[in-house]
Amino acid sequence: NAQHPVEVERAFLQQRYFDALVSFRDLPQRRQTGALVRMAIESAWALGLPEEALQNIEYLKVHFPEYIKQNPDVNVIEGILLYQEGKWDKAVDALRTVQENRSVNNGLKGEAFTLHAEIASRLKDFDLAVSMASKALTLLPIEKMGEARLILAQAHYEQGRLAEARDVLL
C-alpha cells in the first residue's frame, strides 16, 4: 500500500498511470493534496476512465477549492471529459467558468471558447459557433488557431456564407 505521496508522483512522472492511480487510491486521505488529486485525474483520463477522472474533479472541487482557483485548466479538462462523454450542457458550464474568470490567461480562455464553439457546431447552433470561434481567435496564439479557424469556417459554410468560410481558411 502506498503511504507516501512520492509514490504517486514517481509513477505519474514515469507515465505509469495505472500504478499512479492505484497508489493514489491506497494513499490515506490525510496525505492527499490538490496536486496528487490532479495526477489521479490525468492518470484516469490517460487510462480511458473518464468517469473516475470526473469523480476526482468533483473531489478536488470539494476538498481543494483553492487548487481549482489556482489551476483553472482543471475546468477545461473537465469540459473536455464531459464533451467526450456527450454531456455537452455540463461541459459548457465547466467552460464558462474559465471564460468568465478575469484572472485566466488568454490562451486557456481561447481553448475554452474553441471547445464551446465545437459543441455549438455539433448542436447545429452555427451562430453561437461563429461567436465562440471568433472569440477564441482573438485570444489564442497564432500556432493554436487552427481548430478554431476550422470550426468558424465550417459554421460559415453551414450558414451558406461561402465567401466568409473561404476567407477564414486563407
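Me: Contact means heavy atoms within 4.5 Å. Leaving aside its neighbours within four places in sequence, which residues is His 156 in contact with?

Reply: This is a predicted model, where local features need pLDDT of at least 70, side-chain atom pairs count only at pLDDT 80 or more, and totals for chains, interfaces and linings use all residues. Residues are numbered from 1 along each chain as its sequence is written, and side-chain values use heavy atoms, with hydrogens and water left out. His 156 lies in helix 10, residues 146-158 (helices are DSSP runs of H or I, at least four residues, and strands are runs of E, at least two, numbered from the N terminus). Without those sequence neighbours, the contacts of His 156 are Val 130, Arg 161, Glu 164, Ala 165 and Val 168.

Me: Is His 156 buried or exposed?

Reply: Buried means under 20% relative accessible area, exposed over 50%, and partly exposed in between, with a 1.4 Å probe and protein chains only. The relative accessibility of His 156 is 9%, so His 156 counts as buried.

Me: How many residues does the largest nonpolar core have?

Reply: A nonpolar core is a set of buried Ala, Val, Leu, Ile, Met, Phe, Trp, Tyr and Cys residues joined through side-chain atoms within 4.5 Å. In the largest one, Ile 41, Ile 57, Leu 60 and Ile 119 have the most contacts inside the core. Among the elements that give two or more residues to this core are helix 3 (34-46), helix 4 (50-63) and helix 8 (106-122). The number of residues in the core is 34.

Me: What is the relative accessible area of Leu 60?

Reply: Leu 60 has its place in helix 4. Not counting residues up to four places away in sequence, Leu 60 touches Gly 34, Val 37, Ile 41, Pro 65, Tyr 67, Ile 68 and Val 74. Leu 60 is buried, because its relative accessible area is 0%.

Me: At what angle do helix 6 and helix 8 pack?

Reply: Axes are lines fitted to C-alpha atoms, for helices over the stretch in contact, and angles run from 0 to 180 degrees between N-to-C directions. The axes of helix 6 and helix 8 are 10 Å apart, and the packing angle is about 20°.

Me: Which word describes helix 6 relative to helix 8: roughly parallel or roughly antiparallel?

Reply: Angles under 35 degrees count as roughly parallel, over 145 as roughly antiparallel, 65 to 115 as roughly perpendicular and the rest as oblique. The residues that meet include Ile 80 in helix 6 and Leu 115 in helix 8. The angle of about 20° therefore makes helix 6, relative to helix 8, roughly parallel.
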